[in-house]
Amino acid sequence: GNAWQPTAPVPGMSMSGLYVHPESGNLYTTGREGVYPSTDQGESWTALGPDEPTALVAADRGDESTLMAVARGGQVYRNDNGGETWLR
């Protein structure tokens, strides 16, 4: 925490938290269009869905293509293919 560097802004951001994957160091946050991952230390962000505002996100420690997200309304989503298809 001695030195801080700014990252690129998250598009449509209403960030409520930041998840850092313990193995890869990839970043995940949430916003108006769902989950936003960054694989380049915050230089760029991509919206993955589930196409509604989300509040929490986490990636499986052993298989980062498995994501869990909680929508602001309380709906829990699971994704097993890196953000392509979200299941309730």
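Here is a quick briefing on a three-stranded sheet, the salt bridges and one buried glutamate. Keep in mind that this is a predicted model. The sheet runs β4-β5-β6, the salt bridges come to three, and Glu64 is the charged residue that sits buried without one.

**The sheet**

- Three strands, in the order β4-β5-β6, make up an open sheet with antiparallel pairing.
- β4 and β6 (76–79) are the edge strands, and each has a single partner, so one side of each has no neighbour in the sheet.
- From one strand to the next, the twist averages 15°.
- β4 and β5 run antiparallel and are joined by five bridges.
- If you want a spot to look at, Thr54 stands opposite Ala71 in β5.

**The salt bridges**

- The count is three.
- Glu23 and Arg61 pair up through their side chains, at 3.1 Å from N to O.
- Glu23 belongs to the loop between β1 (13–20) and β2 (27–31), while Arg61 belongs to the loop between β4 and β5, so this pair ties together parts that are 38 residues apart in sequence.
- Both partners, Glu23 and Arg61, are exposed.
- Arg88 and Glu52 form another salt bridge, with their closest N and O atoms 4.0 Å apart.
- Arg88 comes from the segment after β6 and Glu52 from the loop between β3 (34–38) and β4, so here the parts tied together are 36 residues apart in sequence.
- Arg88 is exposed, at 71% relative accessible area, whereas Glu52 is partly exposed, at 23%.
- Asp80 and Arg78 also form a salt bridge, and their closest N and O atoms are 3.0 Å apart.
- Both ends of that pair are partly exposed: Asp80 has a relative accessibility of 42%, and Arg78 has a relative accessible area of 40%.

**The buried glutamate**

- Glu64 sits in the loop between β4 (54–59) and β5 (67–71).
- Glu64 is buried but has no salt bridge.
- Arg61 is the nearest side chain of opposite charge to Glu64, and it is 11 Å away.
- What Glu64 does have is a polar contact of 3.0 Å, side chain to side chain, with Asn26.
- Setting aside neighbours within four places in sequence, Glu64 is in contact with His21, Ser24, Asn26, Tyr28 and Ala59.
- Asn26 therefore turns up twice around Glu64, once as the polar partner and once in the contact list.

Note on methods
Residues numbered from 1 in each chain as written. Predicted model: local features only at pLDDT ≥ 70, side-chain atom pairs only at ≥ 80, totals over all residues. Heavy atoms only, no water. Helix = DSSP H or I, 4+ residues; strand = E, 2+ residues; numbered from the N terminus. Buried < 20%, exposed > 50% of the residue type's maximum accessible area, 1.4 Å probe, protein only. Lys, Arg positive; Asp, Glu negative; His and termini not counted. Polar contact = N/O pair within 3.5 Å; in protein donor to acceptor, adjacent residues only side chain to side chain. Contact = heavy atoms within 4.5 Å. Pairing = 2+ DSSP bridges. Axes fitted to C-alpha atoms, helices over the stretch in contact; angles between N-to-C directions.
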